[in-house]
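Trainee: I would like to learn how to read nonpolar cores and helix faces in a model. Could you take me through the reasoning with a case at hand?

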Amino acid sequence: MDQRPMEKLLLMGPGGAGKTCMRSIIFDNYLPRDALRLGITISLDQSQVHILRNLFLNLWDCGGQHRYVAEYLGRQKEYIFRYVGVMLFVFDINSMSGGRDAGVAPSATESNANTDWKLPEMLEYFRAAMGYINEYSPNAKVFVLLHKIDLINKDMREAIFEARKKEILDVIGPNKTEIQFFGTSIWSDSLYLAYSAVVRSLVPHRDVLLRTLRDIAAACDAVEVALYERSTFLCLAHMTRREGRPHGDGTEGPVGDGGTRTTEIERDREALQAQLPECMLYEVITLRSRDR
């Protein structure tokens, strides 16, 4: 019997959207300022990412130049879209705006100059990708990141985010696949929260993790408990107890100060990571007590 290939995490989107930059920050521990110096992805970059002790992500970073996209959607479509566990599609939200939105900062002009994609082309790329996902990997989960949201005026972010989200959903029409949207930036924890949601969708038996966290919280009388993956510090499970009732993996919404707002534990991520010895196991549990 042929062995079933490992499911893929497919990272797609127009050129200049920031796919390789965010991947390097999350999985290769690049600092944001260093990731900005990375070059474009040539064709297809495949790598395996080790999460936990026995979970591997088969990460396919697909170059966003027109000539490569034509291959993905043409003769390579079955090769690209079969055995996909998660498709992560990245839009540069500023390029989508194309100067239409008053809330886009002047510094976004440079971002727009880094891509030759027009909005109809971006939307058509996503529509075609969704069609092939439904054909070749109908059980795949789909996430859409509206990236570089920090370049949008803070007061306008939520309105622009919702407008771009509606444009994307309108172009694909009725669709049975649930799509999760996040507004992200490399300069805030929003990127970690989005990728945490992606990885959580791939972790088997997460209900067992959540039950264990509830037991730990009750035993320690903790208000908040979170489980992080050691090498990437992505949040695999999170539980908050309010008025004695547990709430698992709750988030505050898709858009905030640069992206999704974080909990107090998540804001301590970098400080905690710096204190951990290299010999520690992959999983790290953090607690927030009631008197903190």
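Mentor: We will turn to the cores and then to one helix, bearing in mind that this is a predicted model.

Trainee: Which residues of the largest nonpolar core touch the most other members?

Mentor: In soluble globular proteins, nonpolar side chains tend to be buried together. Here the largest nonpolar core has 41 residues, and those that touch the most other members are F27, I51, L57, L88, L145 and Y195. Helix 9 (residues 190-200) supplies the largest share of this core, with seven residues, while domain 1 (6-100 + 115-202) and domain 2 (206-244 + 257-289) each contribute at least three.

Trainee: What is F27 in contact with, leaving aside its neighbours within four places in sequence?

Mentor: With those neighbours left aside, F27 is in contact with V49, I51, L57, L59, Y195, T232 and L234. There is also a second, separate core of 38 residues, and among its members are V69, I80, F81 and Y132.

Trainee: How many residues does helix 10 have, and what span should they give?

Mentor: Helix 10 (residues 206-220) has 15 residues, which at 1.5 Å a residue should span 21 Å because the expected span counts one less than the number of residues; the end C-alpha atoms are 21 Å apart, in agreement with that.

Trainee: Which residues of helix 10 are buried, and which exposed residues lie on the face turned away from them?

Mentor: R206, L210, L213 and A217 are the buried residues of helix 10. Viewed down the helix axis they fall within an arc of 60°, so they line one face of the helix. The face turned away from this buried side carries the exposed residues D215 and A219. Just after helix 10, D221 takes a positive phi of about 55°.

Conventions:
Residues numbered from 1 in each chain as written. Predicted model: local features only at pLDDT ≥ 70, side-chain atom pairs only at ≥ 80, totals over all residues. Heavy atoms only, no water. Core = buried A, V, L, I, M, F, W, Y, C linked by side-chain atoms within 4.5 Å. Buried < 20%, exposed > 50% of the residue type's maximum accessible area, 1.4 Å probe, protein only. Helix = DSSP H or I, 4+ residues; strand = E, 2+ residues; numbered from the N terminus. Domains from an automatic or database assignment. Contact = heavy atoms within 4.5 Å. Arc of directions from axis to C-beta.
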